[in-house]
Structure formats: structure tokens, C-alpha cells
Amino acid sequence: MQPTVRPLSGLRVIEFTHMVMGPAMGMILADLGAEVIKIEPVKGDNTRRLLGSGAGYFPMYNRNKQSLAVDTQSEAGGALVRRLINRADVLIENFKPGGMAAQGFGYDELSRTNPGLIYCSAKGFLSGPYEHRTALDEVAQMMGGLAHMTGLPDRPMRAGASVIDVTGAMFGVIGILAALEERHRTGLGKEVKASLYETTAFLVGQHMAQYAVTGKEAPPMSVRLSAWAVYDIFEAKDGERVFIGVVSDTQWKKFCEAFRLTEFSADRSLDSNSDRVLQRERILSVLIPLFKTYSKQVLMDKLEHTGLPFAPVARPVQLFDDPHLSAEGGLVELTLPGGSTTRLPALPLEMDGQRAGCYRDLPAIGESTSEVLSSLGLTAEEICELADAGVIGLKAAL
């Protein structure tokens with residue numbers, strides 16, 4: 001459970017978040033060593049209780065954090081949190097537009113008492129006509145064109161993960177780190193906003209650029225004209241599937257040699273990538289039956305030996321046993337509600353060859369309430385009085 005990379009050690013972050021985008025932002029900062037204090041209602045973040053597709057949200061995006069359970073709408077609770085914010089470097093939140101300000105936790109008010117505060121809001125939209133709308137990952141994918149590009153021509157489909165929430169969180173962290181660097185020079189904090197809709201627009205920007213260059217609208221990826229002749233999923237002899245890509249003229253030569261495609265390698269009309277794309281159907285008519293003569297593992301071994309891009313078509317559950325992820329800290333161990341343990345993906349970063357790890361397990365509701373309030377100078381008796389009054393919640397079962 002000990003991390004090897006903690007470059008943000010000493011940075012204090014106050015987190016008012018739920019669901020995915022905000023918690024993911026806090027998790028990234030926490031994994032990199034920041035002290036992240038999650039402000040939760042006395043009963044705990046509702047994300048803890050989600051079922052179905054939301055059951056993995058809390059375990060995935062809340063490691064390495066402390067939990068302060070407090071009734072922020074009470075006078076005493078609000079005052080405690082403001083004292084804490086006045087000692088913080090960063091505040092992150094992802095509640096509905098105006099929600100934080102309505103409770104007295106808006107940027108304008110907090111920056112008056114803590115001018116060095118960097119205040120990052122994760123919203124559905126940046127400034128503009130839509131800024132007061134409520135959004136979700138799926139809303140942004142639909143209106144931003146990503147669902148169109150992911151699905152079939154007559155059936156838009158969201159991506160199979162919360163890609164906009166997580167990518168939006170990454171942009172939020174980029175903004176926070178940029179504001180921290182500026183604060184080194186000015187001593188002043190800054191209000192930062194990250195959003196779902198503009199993140200989606202950024203991701204589909206390549207398709208917008210394609211239209212600007214070609215004058216033709218990009219079709220959904222499922223029916224696109226590939227930029228390469230060999231760039232597809234193929235079935236092996238055992239019924240398993242493997243993606244194979246041949247994306248350069250040099251790779252084409254290696255590919256033909258590895259699979260003894262002498263007819264193709266001798267054919268000068270296939271020397272350039274553009275020529276091969278025009279003859280894609282001819283090439284695939286040979287490759288599809290050829291690859292069915294190999295088992296999945298033999299096919300992948302051959303491709304790996306040749307140095308060609310390939311991938312088994314995996315399901316997320318298979319990543320638990322992936323030898324690469326397991327070898328060098330790619331999965332971090334966590335304790336789940338009920339006491340069982342699991343391993344979930346670490347940050348996809350190495351710094352000086354080392355990975356960020358998990359140094360603090362998923363917090364129980366109010367697990368750090370006493371610790372945090374003691375740091376503000378409250379006595380044990382005062383903390384117990386606040387708990388008895390329902391202003392704060394002390395450690396409960398995860």
C-alpha cells in the first residue's frame with residue numbers, strides 16, 4: 001500500500017464531489033500525493049450506494065482520500081468547513097451550477113479570505129448559452145457527436161466507459177496544475193473550470209478537422225473508410241478474435257514476410273499504403289481465411305515476434321489477470337465494502353520509472369473527521385459534542 005511517487009505531497013485539496021468527474025479529479029491529485037479531504041454529508045456520499053453500472057464508481061475514484069462527514073448546511077458545520085478551506089490550496093467541486101455559491105462556498109466568497117485558493121469546478125458546460133444546464137457523460141457524448149461516431153449509422157451509442165467524465169477530470173487537473181505554477185509567481189489563486197461538453201468537442205475535433213480538410217463528413221467509426229488496408233478484427237481458428245494493424249510500408253514488408261505472402265510482397269501495386277487501401281477487399285479476402293488457420297495464441301506470438309501492432313479483443317474482467325498490468329504496479333489493491341479486496345488500475349503514469357500507488361484505502365464515512373477537526377484545534381470533547389448534535393459524522397462502516 002506504500003506509494004513510490006508523491007510529487008504533490010504537501011498540497012491540501014478540499015473535495016466537494018460525487019459520481020465520477022469530480023472524484024476522478026480528486027483521485028488523480030491524491031494518487032500523486034496531495035492531501036485530499038472529501039467533504040461528505042453525515043450519511044455519506046450517495047455515490048457509495050449506487051447499484052448497477054454505478055456500483056464501481058466509488059471504489060474506482062476515491063482511494064487515497066480522507067473523509068470528513070459534516071452537515072455543511074448547518075451554521076456550525078459550514079463554519080468548520082470554511083476554516084478548513086482557508087488553510088487549503090485547492091478546492092474541487094462538481095455540483096450543479098450555483099449550488100456551491102448558494103451554500104456560501106462560491107469562489108468569490110472563499111477567495112476573499114483565501115486569495116491563494118485555486119477553485120476548480122467540473123461542470124457540464126463552460127461559459128455560454130448552455131452554462132446553466134445540467135449534463136451527464138452521456139448527455140455530452142450525444143450532443144458532442146461522440147455517440148454518433150461510436151455507434152452505427154442509424155444508432156448512436158455512447159462509449160463503453162465514462163470517457164468524458166474521466167477525460168474532463170484530467171483537463172481539470174491540468175488547469176489546477178497550471179494555476180499552481182502561476183501562483184508560484186503571483187501568490188494568487190484562480191478559478192478554473194472544466195466541462196463535459198467542451199471535452200467531448202475537443203475529442204471529436206479530429207473529425208471536424210477531417211471535414212474542414214476534405215469537405216466530407218466523417219462517417220461513424222463502425223463504417224469508416226480505414227486509412228490502412230489491414231486494420232481490423234480477425235477471427236482465429238479457435239473462435240477467438242484478434243485486432244491486427246499494418247500501418248506503414250515497412251510494416252507491410254515485415255507482415256508479408258512473416259506470413260509468407262509472396263504474391264503480395266512481389267506485387268508492386270501494393271507497395272504504398274494508399275494503393276493497398278484501394279485494394280483492401282482483395283487483401284482481406286486472402287487474410288481472413290489465412291488467420292483462421294492459426295489459434296489466437298499462435299497468431300499473437302507470430303505478430304509479437306514480427307513487431308506488428310496487435311491486440312486480443314478483451315473484456316474488462318480479464319484485466320484482473322493481465323500479466324503486464326500485474327507485473328509493475330499497474331493494479332493497486334483496495335478493500336471493498338464488506339471487507340473483500342480487489343485490484344484496480346493505477347494512474348497510467350511512470351515518473352523516473354516508478355508508479356503512483358495506493359497509500360490510503362477507500363475511506364469509511366467520516367473516517368478522518370476527528371483527525372481533520374483536531375488539526376483545526378478542536379478538542380476531543382468539542383468533536384464529541386458536534387457529533388452528538390448531528391453536525392458531524394464520525395467513522396462508520398465502509
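In which sense do β3 and β12 pair, and over how many bridges? The legends below take up this question and others in a predicted model.

**Figure 1. The pairing of β3 and β12.** The two strands pair in the antiparallel sense, over 2 bridges. Within this pairing, Ala69 has Gly393 of β12 as its bridge partner. Strands of a sheet pair through backbone hydrogen bonds, and the pairing may be parallel or antiparallel.

**Figure 2. The whole protein and its domains.** The protein has 398 residues, and 45% of them count as buried. Its secondary structure comprises 18 helices and 12 strands. Along the principal axes, the C-alpha atoms fill a box of roughly 85 × 45 × 40 Å. Domain 1 consists of 12-204 + 328-393, while domain 2 consists of 230-315. The centres of these two domains, taken over C-alpha atoms, are separated by 44 Å. Among contacts with a separation of 6 or more, 70% involve residues 24 or more positions apart. The exposed surface amounts to about 20500 Å², of which carbon and sulfur atoms supply 55%. The protein carries 40 positive and 47 negative charges, and the mean positions of the two sets lie 3 Å apart.

**Figure 3. The open sheet and its edges.** This sheet is formed by 7 strands in the order β6-β5-β4-β1-β2-β3-β12, with mixed pairing. The edges are occupied by β6 (190-195) and β12 (392-393); each has a single partner strand, so one side of each has no neighbour in the sheet. At the β6 edge, strand β5 (residues 118-123) runs parallel to β6 and is joined to it by 6 bridges. One residue of this pairing is Tyr119, whose bridge partner in β6 is Glu191.

**Figure 4. Strand β3 and its enclosure.** Is strand β3 (residues 65-70) largely enclosed by the rest of the structure or left exposed, and why? Because 6 of its 6 residues are buried, β3 is largely enclosed by the rest of the structure. Lys65, Ser67 and Ala69 point one way from the strand, whereas Gln66, Leu68 and Val70 point the other way. In a regular strand, side chains alternate between the two faces of the sheet. Strand β2 (residues 35-40) pairs with β3 in the parallel sense over 5 bridges. Here Lys38 stands opposite Ser67 of β3.

**Figure 5. Asn114, in the loop before β5.** Asn114 belongs to the loop between α5 (107-113) and β5. Its relative accessibility is 8%, below the 20% limit, and therefore Asn114 counts as buried. Apart from neighbours within four places in sequence, Asn114 is in contact with Ile85, Asn86, Arg87 and Ala88.

**Figure 6. Asn64 and Asp352, two loop residues with positive phi.** Asn64 is situated in the loop between α2 (57-61) and β3. Its phi is near 65°, a positive value in a residue other than glycine. Asp352 is situated in the loop between β11 (341-345) and α17 (369-375). Here phi is near 55°, again positive in a residue other than glycine. Which of the two is buried and which is exposed? Asn64 has a relative accessibility of 2% and so counts as buried, whereas Asp352, with a relative accessible area of 84%, is exposed.

How values were computed:
Residues numbered from 1 in each chain as written. Predicted model: local features only at pLDDT ≥ 70, side-chain atom pairs only at ≥ 80, totals over all residues. Heavy atoms only, no water. Helix = DSSP H or I, 4+ residues; strand = E, 2+ residues; numbered from the N terminus. Buried < 20%, exposed > 50% of the residue type's maximum accessible area, 1.4 Å probe, protein only. Contact = heavy atoms within 4.5 Å. Areas by Shrake-Rupley, 256 points an atom, 1.4 Å probe, with all protein chains shown as cover. Lys, Arg positive; Asp, Glu negative; His and termini not counted. Charge placed at Lys NZ, Arg CZ, Asp CG, Glu CD. Domains from an automatic or database assignment. Pairing = 2+ DSSP bridges.
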